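Hello,

Here is the structure I promised to pass on. Please open it alongside this note; my findings follow below.

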Amino acid sequence: MNTVEMKNLIKKFGSSVAIDNLSLNIAKGKITGLIGADGAGKTTLLRTIIGLLLADNGEVNVLGFNPATQKDELNLHIGYMPQKFGLYEDLTVIENLKLYADLKNVSHDFDKMLEFTTLAPFQDRLAGALSGGMKQKLGLACTLLGNPEFLLLDEPSVGVDPISRRDLIKMVREMITPETTVLWSTAYLDEAHNFDTAVVLDKGKVIYEGKPHDLASTPQEFENKVIDLMGGYNKEESLIAQNYDYKAPDVELTVEADNLEKRYGNFYAVKNNTFKIKKGEIFGLLGPNGAGKSTSFKMMCGLARPTSGTARIMGIDIKKNPERARANLGYMAQKFSLYGSLTVKENLDFFALAYGISILRKNKKVNEVIEVFGLKEYENTKAEELPLGIKQRLSMAAALIHNPPVLFLDEPTSGVDVLTRRDFWNHITSLAKKGVTILVTTHFMDEAEYCDRISLFYKGETIAVGTPAQLKKQAGANDMETAFINLIKESEVNK
């Protein structure tokens, strides 16, 4: 029996085809993963299934309803979690739960939900003040209220650390009934083995449908097979690195954190953070959501003043001379921080001039990064209208447009498809070979393998430092994800 039946579905936006003559059934009582790159058509398909968008052609049947004409009746049977955080950030955790319970006409008995999500100690915290993982758990909890027959989750694990990602799938599996159908959208190919069925979309078409293990036995093999189905990845020489016009620094230690601490009242967001990074080194900060990685970044960039300690960029103290230190930095923030009302080209023009690139050189440099990052078709699109993955590309392009000797990249590939991730890392590793120092955070454990050294962060403190091989050996693990989880568990035991 099927919860969803789609036949010859077509959805266009102008001349762009988002869903291309797609036929697909979603089995009842199963967790189906809808997997694909940014722009593959995942969100469009989910919204068409629940009637938020109308198909241009084809048939859709959901739980016996036509979503185009029976949307209100269908809404009573579904739970939908949109890609963007859809709760009220100025309400507390408990206030959000009460509001959604009232909207769904269900009781205020949240004890089990709060315990399972580990949100019980944070009931009175504003939703906007939660970490990324906690926000997603709260959003999922509100979506699960009322035990919907059909659960649609649009990239619930984007920007979430490996522990929280495991928690989210565990939460879904343990809190639904055997009759509940789940459609889980994701750009993360390594999540495929969490699902009963994997449906891989590319350019609005299904390129694989079946059990994940039938395609490959491990997440890495699955990723490689899907890339082959998408036409393969052709690694080329990085044009960004090729044209990176800067003088290699004379100093050997380009980035130093010296007993950095950030305290809010009695709470330490970062405690006694110390490390040194050499010229041309890729240094990774890994840790769960809320571990203090982004706070460390902001202090080291001079965007947040340390409670104590300091940082040095190219030997320049960030507290004593923040502007001079920042001139050596390219910084890509975790959250999209460019100008939404400006187009892609206008944003890059602005940052080129802000970073001191002359008007004569600006056009050449802007056109170069537009070409390298595949932004040509979006150059006249407002930044606020871009898909998530394209926003990330634009943010990274703006961060390195002035050829700084040091790059700070805070989750640069969060929400980005696998091919774009490989391109990003091709640029990053190529820049490091030229002597650019790179400090990067990531939630992709396969990306941690690209780092020369890693500092594992937990609850504001460094709990382990070393090469990927050293950390895996220390944790008794064969892969970085298992090492990450084991070292954090070990830290909890030792506290």
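Start with helix H5, residues 132–144, in this predicted model. H5 lies across E5 and strand E6 (150–154). Its direction runs at about 165 degrees to that of E5.

Helix H6, residues 162–175, also packs on the sheet. H6 touches strand E3 (31–36), E6 and strand E7 (181–186). The direction of H6 makes about 165 degrees with that of E7.

Now the sheet itself. Six strands form an open sheet in the order E5-E6-E7-E3-E8-E9. The pairing is mixed. Strand E5 (78–81) and strand E9 (205–210) stand at the edges. Each has a single partner strand, so one side of each has no neighbour in the sheet. On average, neighbouring strands are turned by 15 degrees against each other, direction ignored.

At the E9 edge, look at the pairing with strand E8, residues 197–202. E8 and E9 run antiparallel and are joined by five bridges. Ala198 stands opposite Gly210 in E9.

Next, further along the chain: strands E10, E11 and E13. E10 covers residues 253–264 and E11 covers residues 267–278. Eight bridges join E10 and E11, and the two run antiparallel. Leu260 faces Asn273 in E11 across this pairing. The two strands make a hairpin, with two residues between them. Gly265 sits in the turn and has a positive phi of about 65 degrees.

E10 also pairs with strand E13, residues 308–313. That pairing is antiparallel too, with five bridges. Val255 has Ile313 as its bridge partner in E13.

As background, strands of a sheet pair through backbone hydrogen bonds, either parallel or antiparallel.

Last, the cysteines. How many disulfides does the count give? The count is zero. Why is Cys301 not bonded to Cys451? A disulfide needs the two sulfur atoms within 2.5 Å. The closest cysteine sulfur to that of Cys301 is in Cys451, 17 Å away, so the pair is too far apart for a bond. Seen from Cys451, the closest cysteine sulfur is that of Cys301, again at 17 Å and too far for a bond.

Are these cysteines buried or exposed? Cys301 counts as buried, at 2% relative accessibility. Cys451 is buried as well, with a relative accessible area of 5%.

Best regards

Conventions
Residues numbered from 1 in each chain as written. Predicted model: local features only at pLDDT ≥ 70, side-chain atom pairs only at ≥ 80, totals over all residues. Heavy atoms only, no water. Buried < 20%, exposed > 50% of the residue type's maximum accessible area, 1.4 Å probe, protein only. Pairing = 2+ DSSP bridges. Helix = DSSP H or I, 4+ residues; strand = E, 2+ residues; numbered from the N terminus. Axes fitted to C-alpha atoms, helices over the stretch in contact; angles between N-to-C directions. Contact = heavy atoms within 4.5 Å.
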